[in-house]
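Me: I'm new to reading protein models and I keep tripping over the vocabulary. Can we go through one together, with me asking where each word comes from?

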Amino acid sequence: MQPEPEAALPGRTGSSRPGCAERIGLARLTRAYEAGHDLRPLWRRLIERLLDGSIEAGEGLDLSLIAQLLGDKEAGLAIQHAILSSHQLFRSPCAAKPARLRVLALAAATDMGSNTPIEFLLEASGIELTTLYVMPDIEWPDWLPDHDVAMVIASDSDDCRSALDKIAEAMTHWPRPLLNSPQRICRLDRDKLYCLLNGVEGLHIPQTACVAREQLEKLARSTLASSDVAPDLAFPLIVRPRGSHAGRGLAKCENTAEIARYLDEHTHAAFFISRFVDYRSADGLFRKYRLAFIDGKPFACHLAIADRWDIWYLNAQMAASSDKRREEAIFMQMFDQDFAKRHRAALTGLAGRIGLDYFTVDCAETSDGSLLIFEADNTAIVHDMDSPEIFPYKVPQMRKVFDAFAAMLFRRSGRAHEAAA
């Protein structure tokens with residue numbers, strides 16, 4: 001099949017065609033880091049090239065990712081800013097030549113956790129991924145790179161908002177199918193998600209409010225009642241800095257004194273607060289599920305089981321417990337017949353209201369059988385980095401997820417018949 005000619009955005013009349021920089025990319029670098037490989041020698045080599053001015057754009061973006069993986073987010077974002085000021089197009093490694101399909105991802109200039117980690121979904125698919133970083137103060141390129149389908153991967157975070165606005169302005173004229181509407185992504189932040197999902201049959205989501213530091217200080221001094229912030233609020237409260245992810249700054253406050261102590265330790269200007277929902281199972285353990293929705297259909301991604309409420313997969317120590325892994329394996333293998341069937345109304349209603357082509361949900365089950373929603377977004381990582389020796393059941397499950405994602409891209413591009421080729 002001959003590639004289609006590059007497509008131009010209406011209103012752009014120039015003839016220059018920006019180059020596309022090659023990079024190692026998020027998936028390969030994160031996989032190496034999680035496997036225990038020392039990224040510091042590569043960091044030092046790339047830093048030398050950055051300092052002497054010989055670094056390529058793709059190497060610079062890789063350097064930004066390495067810095068963030070090594071814990072220096074500030075340096076990583078500074079490097080990223082320097083690179084993206086002069087170059088915005090990057091190509092990730094592709095498992096097939098020629099590529100089976102071409103995807104253009106529309107990203108924002110933000111930290112590594114605030115764009116959809118789409119590389120993990122496509123890494124072995126043979127689908128070519130090109131990423132265009134949409135910069136508020138830089139015009140669209142006169143020519144878009146070859147692609148069969150485009151997808152917005154920027155998130156509903158403050159530093160992505162201008163990129164989403166810019167994409168929204170252009171999307172009515174987009175020359176190819178465009179997935180994950182920026183207008184719908186903008187409804188996923190924690191306080192807005194409650195308004196979107198409240199009232200769905202079989203679903204429970206506590207009201208979340210975004211409060212300024214001054215309001216939280218008043219709450220700590222008892223000069224403001226929790227119900228004055230939002231009708232659904234009551235102690236114990238869950239507090240987290242606005243914009244935080246992966247449990248950073250997350251705490252449960254039982255009373256006003258604990259809020260005061262929390263504020264002494266966190267200097268942020270704004271916070272999300274919500275009512276704590278005790279979601280312990282009958283055995284006293286907490287269970288947190290991650291689901292991926294692809295074209296409206298839910299897929300199991302993981303189950304974390306722990307004796308603590310502030311649970312995510314890394315602190316659940318799943319690798320250390322064969323009983324936990326056995327339960328996760330059953331959850332994955334019986335998902336369609338059990339979990340998805342049991343919560344069909346809630347999952348269907350949730351997918352319909354969010355309305356994105358791809359997104360993820362972290363959730364649990366309450367004692368009355370409702371589906372408890374913690375968050376829904378388009379940036380939670382869905383991956384296959386867990387050891388196949390320890391987690392053999394994850395290999396076929398994640399392949400199912402990745403294949404479903406690729407099949408959706410083929411369908412949306414009008415080439416569904418080629419998905420299984």
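Reply: Sure. Keep in mind that this is a predicted model. Let's start with a hairpin: S12 and S13 form one, with two residues between them. In that turn, Asp295 has a positive phi of about 55°.

Me: What makes S12 and S13 a pair of strands?

Reply: Two strands count as paired if there are at least two bridges between them. S12 and S13 are joined by nine bridges and run antiparallel, so they pass that test. To see one bridge for yourself, find Arg287, whose partner in S13 is Ile305.

Me: Which sheet do these strands belong to, and what is its strand order?

Reply: An open sheet of five strands, in the order S7-S15-S14-S12-S13, with mixed pairing.

Me: Why are S7 and S13 called edge strands?

Reply: Strand S7 (203-204) and strand S13 (297-306) each pair on one side only. Elsewhere in the sheet, S14 (residues 358-365) and S15 (residues 371-377) run antiparallel and share six bridges. There, Glu365 has Leu371 in S15 as its bridge partner.

Me: How buried is the edge strand S13?

Reply: Mostly covered, with nine of its ten residues buried. Helix H15 (residues 394-413) lies across S13, as well as across strand S12 (286-294) and S14. The helix runs at about 145° to S13.

Me: How do you know that Val401 is buried?

Reply: Val401 sits in helix H15. The cut-off for buried is under 20% relative accessible area. Val401 has 0%, so it counts as buried.

Me: What does Val401 touch?

Reply: Leaving aside residues up to four places away in sequence, Val401 touches Ile294, Phe299, Ala300 and Val382. Check Pro298 too: it is 103 residues from Val401 along the chain, yet their C-alpha atoms are separated by 9.4 Å.

Me: How do you know that the length of helix H12 agrees with what a helix should span?

Reply: Count it out. H12 (residues 322-333) has twelve residues, and at 1.5 Å a residue they should span 16 Å. The end C-alpha atoms are 16 Å apart, so the two values agree.

Me: Why can we say that the buried residues of H12 line one face?

Reply: Those residues are Lys324, Arg325, Glu328, Ala329, Phe331 and Met332. Looking down the axis of H12, they fall within an arc of 160°, so they line one face of the helix. Over on the other side, Asp323 and Gln333 are exposed. The cover over the buried residues of H12 includes S12, S13, helix H13 (339-342) and H15.

Me: Why is strand S9 described as largely enclosed?

Reply: Five of the five residues of S9 (residues 237-241) are buried, so the rest of the structure largely encloses it. Both faces are covered: Leu237, Val239 and Pro241 are on one side, with Ile238 and Arg240 on the other.

Me: Which strands does S9 run antiparallel to?

Reply: One is S10 (residues 251-253), joined to S9 by three bridges, with Ala251 as the partner of Val239. Another is S11 (residues 270-275), joined to S9 by five bridges, with Ser274 as the partner of Ile238.

Me: Last one: how do helices H1 and H3 cross?

Reply: The axes of H1 (residues 26-34) and H3 (residues 57-69) come within 10 Å and cross at roughly 35°. The crossing is right-handed. Leu26, Leu29, Thr30 and Tyr33 in H1 meet Asp62, Leu65, Ile66 and Leu69 in H3.

Technical notes: Residues numbered from 1 in each chain as written. Predicted model: local features only at pLDDT ≥ 70, side-chain atom pairs only at ≥ 80, totals over all residues. Heavy atoms only, no water. Helix = DSSP H or I, 4+ residues; strand = E, 2+ residues; numbered from the N terminus. Contact = heavy atoms within 4.5 Å. Axes fitted to C-alpha atoms, helices over the stretch in contact; angles between N-to-C directions. Expected span 1.5 Å × (residues − 1). Buried < 20%, exposed > 50% of the residue type's maximum accessible area, 1.4 Å probe, protein only. Arc of directions from axis to C-beta. Left-handed = near helix turned anticlockwise from the far one by under 90°.
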